[in-house]
Amino acid sequence: MPTPILHKESLIPGKTSKLVLHAPHIAQKAQPGHFVMLRMSPTGERIPLTIADTDAANGTITIVYLVLGKSTALLETLKEGDAIPDVCGPLGHPTHIEKRGTVICVGGGTGSAAMHHIAKGHSRAGNRVVGIIGARGKDLLLFEKELSSFADELLISTDDGSYGHKGLVTDLLRDRLEKDKTVFEVVAVGPVPMMAAVADTTRPFGVKTTVSLNPIMVDGIGMCGACRVSVGGKTKFACVDGPEFDGHEVDFPELRRRLSAYRDQERTSFDSYNGCAHGN
């Protein structure tokens, strides 16, 4: 069924937007860590987006996306009152959350939105939440206000030093782990290089590290095998075995190679769409 868009907000003009969707059946069941699959047309590709927030009482879910290819460019053309043709979910395993103490939640790029839902789940469970978010510059930071509303502490880094710590999120993470021995888990959601760096940072400290993977998916229900990843030397499927895995066991170099496998075709499709959209 078409899923109505109740609210649309541009977070980074032309690049990143937030949608609040009326999806009561998904909102009733969705938990932190779950994702949905979207399709913009009967012949279009399916794309996975992690749920950034839910409101079961009002029957809504929130998603945040980066305009990166043809499908997200089509999604960006929709406005409040329009509907997304296909939204399927909730999919994947939810985040394992239990009250244990202090958890550090690290987000980068649009991953900060997905991390927000996970961090909120830990906060509601009674854990002390330390949030760390980063971006290239202040104007590219996402979900600072939302995380500040419940996180016990929020640390910010920017590559250019325009806001917060000048440097990487891993600088702040390493500093915190050196000073705080009560951290029982680190959760990272964002670009693959960032999640790999987080796992490398936490490994010497022996702190459990969970990463949320978003590889290429076709059906999202484990039938196609497109989302396979290597974890601990074994093949896993992110859509049904994940999307969260032990960051210390993920084969990140292989994941990066798989994510780039169709880059040329994706660029050709995107360029063709942009040419048609602008009458070229």
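What volume does the largest cavity have? The answer is about 40 Å³. Keep in mind that you're looking at a predicted model here.

**The cavities**

If you go hunting for cavities of 30 Å³ or more, you'll find two in this structure. Here they are, side by side:

| Cavity | Volume | Nonpolar lining residues | Polar lining residues | Charged lining residues |
|---|---|---|---|---|
| Largest | about 40 Å³ | six | three | no |
| Second largest | about 30 Å³ | three | no | one |

So who sits around the largest cavity? Its lining is made up of Phe 35, Pro 48, Leu 49, Thr 50, Ser 212, Leu 213, Asn 214, Met 217 and Pro 243. Strand E4, which covers residues 46-55, is the top contributor to that lining, giving three residues.

Now for the second largest cavity: Pro 215, Ile 216, Ala 226 and Arg 258 do the lining there. That lining has one charged residue, while the lining of the largest cavity has no charged ones.

**The cysteines**

Next up, sulfur. A disulfide is a covalent bond between the sulfur atoms of two cysteines. How many disulfides does the count come to? It comes to zero.

Why don't Cys 227 and Cys 239 count as a disulfide? Their sulfurs are 3.6 Å apart, and a disulfide needs them within 2.5 Å, so they are too far for a bond. For Cys 239, the closest cysteine sulfur is the one in Cys 227, and for Cys 227 it's the one in Cys 239.

Are these two buried or exposed? Cys 227 is buried, at 2% relative accessibility, and Cys 239 is buried as well, with a relative accessible area of 3%.

Technical notes:
Residues numbered from 1 in each chain as written. Predicted model: local features only at pLDDT ≥ 70, side-chain atom pairs only at ≥ 80, totals over all residues. Heavy atoms only, no water. 1 Å grid on protein atoms, 1.4 Å probe; cavity = no way out; pocket = protein on both sides within 12 Å on 5 of 7 lines; lining within 4 Å. Points joined across faces, edges and corners; volume = space filled by probe spheres on them. Helix = DSSP H or I, 4+ residues; strand = E, 2+ residues; numbered from the N terminus. Nonpolar A, V, L, I, M, F, W, Y, C, P; charged D, E, K, R; others polar. Buried < 20%, exposed > 50% of the residue type's maximum accessible area, 1.4 Å probe, protein only.
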